[in-house]
Every structure is written in C-alpha cells, then in structure tokens.
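Thank you all for making the time this morning. I would like to walk through one chain with you, so please have a look at it on the screen before I go on.

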Amino acid sequence: LRYNPMFFLTTLQQNIYLSPKNFNKDFKSSLLSSLLNTVEGKNSGPFGLIILVVEICNFLDKGKILPGSSSALYNLIYRAITFRVLKGEVIDTVVINVTKSGFFSEAGILQVFVSKQFIPNNFHYEENINVFQNEFYPGKIISKDRVVRIRILSLREDSVCSQAIGGMKEKYLGLI
C-alpha cells in the first residue's frame, strides 16, 4: 500500500471586509471571527476542505478603506489544516447505502461510490437483505455502517463537496 497524507498544513490568503461598527479596540477578534466564519468548513478548490485555521500570519497589516464605502478590506494570510484526497490513495470509509449496482460510502465530506465491478468477485448482492455477501465466508458482508478500506480511482471536486469512484479489488482492501 502507498501512503499519502490526506491532511495538509497549507498557507492561504483571504480578503475580509470589516464594517465600521467593528472599528474599535476589539477589531482583531471581529476580523478573526469573520475569517473563521468565511473559510472554515469550506472547500478551497485545489487545497481541499479547510478543517481548521491554526495561525494568522499577518495580523498586524493595515487594512485599506474602500473608496465610496466606509468598510475596510484586510488581506489576511493564514495557515490552515486542509483535507484533500488524491487519486490512488487508500482510505477507510463508512458505508452509507448499498444498492445492486454497488455501494456508497463517506470519509468526511468525501462521498465515494464503489461499483460492483470494483468489488471482489466473491461478493454477491443479496437483494432480500440489501448487502454484498462473501460466498465463501457468509459472515463477511458489506452493509450500511460497515467500515471498508478502498482505493480512490477517480475524483470530482466542486465548491460544495468532493465525490469519488473507489475500488477494493486489491490485496489488503475490503472490510475492516
């Protein structure tokens, strides 16, 4: 198995607009609160999901008053822990739905579909109980809330969530 980190410490920047009502001695906490509300829990494109802002690198930089407005613009550079899965990475996911064509699972905000063509051949869909059951070991089933180890075969990311196609037809992959 190849190890790839899913979590990264990334330096990013964000423009924050601060209204005049926040121009007081406590403006730094208003600026921090605005930054956290703007970026945490959001997908930052190529850097992945921002989990946590750990440091603001330029807190002492002066903002710029916007012409025609009483607001100020602050360009904040910050370091954050981000979550990003890469193609070919092996991850543990939780099964959320099983269908006859495969199953859906999740790892954080990543939604993964594993088609039955990427499930080992000794697993067959049992329609009456809605699971994939191992024909040699009947106790081994892929069902809702089970944890499975899969390899990411392809990814699709947008601003709201990440989706992937996964597979478990390799050694060391499958039920945990």
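Let me begin with a definition: the radius of gyration is taken here over C-alpha atoms, and the globule rule is 2.2 Å times the number of residues to the power 0.38. On that rule, a compact globule of 176 residues would come out near 16 Å, but this chain has 22 Å. Its C-alpha trace spans about 70 × 30 × 25 Å along the principal axes.

Before going further, I should say that this is a predicted model, in which local features need pLDDT of at least 70 and side-chain atom pairs count only at pLDDT 80 or more, while totals for chains, interfaces and linings use all residues. Residues are numbered from 1 along each chain as its sequence is written, and side-chain values use heavy atoms, with hydrogens and water left out.

On confidence, where pLDDT is the predictor's own score for each residue, from 0 to 100, the chain averages 88, and 94% of the residues score at least 70. Among the elements of the chain, strand β3 (residues 64–65) has the lowest mean, 86, and β10 has the highest, 96.

Helices (H or I, at least four residues) and strands (E, at least two) are DSSP runs, numbered from the N terminus. The chain comes to 1 helix and 13 strands, and read along the sequence it follows the pattern β-α-β-β-β-β-β-β-β-β-β-β-β-β. Helix α1 covers residues 27–39 and contains Leu32. Leu32 and Ser69 are 37 residues apart in sequence, and their C-alpha atoms are 21 Å apart in space.

As for burial, I call a residue buried under 20% relative accessible area, exposed over 50%, and partly exposed in between, with a 1.4 Å probe and protein chains only. By that measure, buried residues make up 35% of the 176 residues in the chain, whereas Leu32 is partly exposed, with a relative accessible area of 31%.

Now to the sheets, where two strands pair if DSSP finds at least two bridges between them. What is the order of strands in the open sheet of 3 strands? The order is β8-β9-β10, with antiparallel pairing. Both β8 (123–126) and β10 (141–142) stand at the edges with a single partner strand each, so one side of each is left without a neighbour in the sheet.

Between β8 and strand β9 (residues 131–134) there are 4 bridges, with Tyr125 partnered by Phe132 and Phe123 by Asn134. These two strands form a hairpin with 4 residues between them, and in the turn Asn130 has a positive phi of about 55°. On the other side of the pairing, β9 and β10 are antiparallel over 2 bridges, Phe132 stands opposite Ile142, and the hairpin that joins the two strands runs through 6 residues. Within β9, Val131 and Gln133 point one way and Phe132 and Asn134 the other way, yet all are buried.

Strand β12 (residues 162–167) has pairings in both senses. With strand β7 (residues 110–115) the pairing is parallel, over 5 bridges, and Phe113 stands opposite Ile165. With strand β11 (residues 147–157) β12 runs antiparallel, joined by 6 bridges, and there Leu155 has Ala164 as its bridge partner.

Two loop residues deserve a remark, given that most residues other than glycine have a negative phi. Asp145, in the loop between β10 and β11, has a positive phi of about 75° although it is not a glycine, and Asp145 is exposed at a relative accessible area of 55%. Tyr172, in the loop between β12 and β13 (174–175), also has a positive phi, near 75°, and is exposed at 58%.

I will finish with the largest pocket. On a 1 Å grid over the protein atoms alone, a pocket is an open set of points with protein on both sides within 12 Å along at least five of seven lines, and lining residues have an atom within 4 Å of a point. Grid points are joined across faces, edges and corners, and a volume is the space filled by probe spheres set on the points. The largest pocket has a volume of about 180 Å³, and its lining includes Phe123, Asn134 and Tyr172, which we have already met.

Methods:
On a 1 Å grid over the protein atoms alone, a cavity is a set of points where a 1.4 Å probe fits but cannot get out, and a pocket is an open set with protein on both sides within 12 Å along at least five of seven lines; lining residues have an atom within 4 Å of a point.
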